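Biologist: I've got a model open and I'd like to learn how to read it feature by feature. Can you walk me through it?

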Amino acid sequence: MLKKGLWLVIYTALLAFLSVFIFFKIQERDLIIQLNNHNLSLDAFHVVLKQPLTLDEFEQKINQNKQLPSLQIHFQNRKNNITYFFGTGDFSVPPMISGSFFSANDFKSDVSILVVGKDWKNKLYTPKDQSYLEHQGHFYPVLGVMGDKYRSDLDKQIFVLPGSATRKKLLANNFRIIIDGKKQLTSQQLKHVLPLSKVNRLKSKQLFVSQGSWTVAHWAEALGLLLVLFGSLFGTSLWRIFARQRYREAHFLQKTASLFVFEEWRYYALFSVLGIVLGLIVGMITFNMYNYLLLLLFVGASFIVANVYLIIRLRALVKQEA
């Protein structure tokens, strides 16, 4: 039986490996979408203030409320790639090539400091251990360089943490204000804290595609998952075809129909699990993923569907041969 099931081990291992690859591509695509949007998630909010507030006053209102989850707040300049940044708690940070992102202590700084995208790396002035970026005749210290192995709009961005005096002068109303929570955030929470005339989910063109229709943003990956599921069912059909001869042997040995179905399902399940585990291990070693939950749920669901389908087909075989 082991030799007869070896093909199934290899077959299911290939399907499991393909599943890992597809989910890796999904996460890769989602990461690029997020990086293209300043490292903001799909749940970020675009807000408009109904009364003038300086950046300092805006931040004070956020800090006075302890109920809000960890936030990153972007005050985006409408004319260039400069974004004034503010964060609370354990806010999400972008991938870094070198240096570090803003920390809690940096928000108390009296001097404006920067974190820049990797496209600015060659424009930095580094006399000793500290890098600087010249902007409008001034040299600003740079904490780190953002970026990833993928090309994205984040590479062109400059995140500025303005000094305390600057925060008291700049009006938040003059910027496009984006608020993103690391945990689930609602519009009611924001309205309770800030004087807002408008609060909407952030829907840039690219994000709208992903947010409005998952299958449009990931049509190739969705097709791949359907093929994997079809492949699992096709594997059970092959097992059922090979089981026809084994049923005749079992019938000759006077085994009951229930025992035949149970033994066929048991061996199929065993060889499938061996193949799935092998394929998952090789796939996880090959592709670096940050979350495996959806992958494991999909593989588990495919395994259950294939097993149920096999039992139905085996019972139909027994009735047909009876």
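Modeller: Sure, and keep in mind that this is a predicted model. Let's begin with one side chain: Ile285 has a relative accessibility of 68%, so it counts as exposed, the cut-off being over 50%. Ile285 sits in helix α8, which spans residues 257–286.

Biologist: Which residues make up the nonpolar surface patch with Ile285?

Modeller: Val273, Val277 and Ile281 join Ile285 there, and the patch comes to about 360 Å².

Biologist: Now strands. How do I read which ones pair, and in what sense? Take β7: what are its partners?

Modeller: The idea is to look for bridges between two strands; DSSP has to find at least two before we call them paired. Strand β4 (residues 96–99) runs antiparallel to β7 (residues 138–146), with three bridges joining them. In that pairing, Gly99 is opposite Gly144. Strand β5 (residues 113–117) goes with β7 in the parallel sense, over four bridges, and there Val116 faces Val145. Then strand β6 (residues 131–135) is antiparallel to β7, with five bridges; Tyr132 has Pro141 as its bridge partner.

Biologist: How many residues lie between the strands in the hairpin of β6 and β7?

Modeller: Two, and Gln136 in that hairpin has a positive phi near 55°.

Biologist: Where else should I look for a positive phi in a residue other than glycine?

Modeller: Try the loop between α1 and β1, where you'll find His38 and Asn39. Phi is near 65° for His38 and about 70° for Asn39. As for cover, buried means under 20% relative accessible area, so His38 at 12% is buried. Asn39 is buried too, with a relative accessible area of 4%.

Biologist: On to helices. Which residues of helix α2 are buried?

Modeller: For α2 (residues 55–64), the buried ones are Leu55, Asp56, Phe58, Glu59 and Ile62. The trick is to look down the axis: these residues cover an arc of only 160°, which puts them on the same side of α2.

Biologist: And what do the buried residues of α2 pack against?

Modeller: They pack against several elements, including β1 (45–49), β2 (71–76), β3 (82–88) and β9 (176–181). The helices α3 (164–167) and α4 (187–193) are also among those contacts.

Biologist: Let's stay with β9 for a moment. Why is β9 described as largely enclosed by the rest of the structure?

Modeller: Because five of its six residues are buried. You can read the pairing of β9 just as we did for β7. β1 and β9 are antiparallel, over three bridges, with His46 opposite Ile178. β2 and β9 are antiparallel as well, over six bridges, and Ile73 stands opposite Ile179.

Biologist: Last topic: charges. How many salt bridges does a search of the whole structure find?

Modeller: Eight. When you read one, check the N to O distance, then ask where the two partners sit in the sequence. Lys25 and Glu28 form one, with the closest N and O atoms 2.7 Å apart. They are three residues apart in helix α1 (residues 2–36), so about one helical turn separates them.

Biologist: Are Lys25 and Glu28 buried or exposed?

Modeller: It's a mixed pair. Lys25 is partly exposed, with a relative accessible area of 27%, whereas Glu28 is buried at 15%.

Biologist: Which salt bridge partner does Lys118 have, and where do the two sit?

Modeller: The side chain of Lys118 meets that of Asp155, at 4.0 Å from N to O. This pair links distant parts of the chain: Lys118 is in the loop between β5 and β6, Asp155 is in the loop between β7 and β8 (158–161), and they are 37 residues apart. Asp155 is buried, at 0% relative accessibility.

Biologist: What about Asp119 and Arg151?

Modeller: Their side chains meet in a salt bridge too, at 3.0 Å from N to O. Asp119 lies in the loop between β5 and β6 and Arg151 in the loop between β7 and β8, so the pair ties together parts that are 32 residues apart in sequence. Asp119 is partly exposed, with a relative accessible area of 32%, while Arg151 is exposed, with 54%. Finally, salt bridges that share partners join Lys118, Asp119, Arg151 and Asp155 into one network.

Notes:
Residues are numbered from 1 along each chain as its sequence is written. This is a predicted model: local features need pLDDT of at least 70, side-chain atom pairs count only at pLDDT 80 or more; totals for chains, interfaces and linings use all residues. Side-chain values use heavy atoms; hydrogens and water are left out. Patches are made of residues with over 30% relative accessible area and no salt bridge: like charges are joined within 9 Å, nonpolar side chains (Val, Leu, Ile, Met, Phe, Trp, Tyr) within 5 Å. Accessible areas come from the Shrake-Rupley method with a 1.4 Å probe; for residues, only the protein chains shown count as cover. Buried means under 20% relative accessible area, exposed over 50%, partly exposed in between (1.4 Å probe, protein chains only). The arc is that of the directions from the helix axis to the C-beta atoms. Contact means heavy atoms within 4.5 Å.
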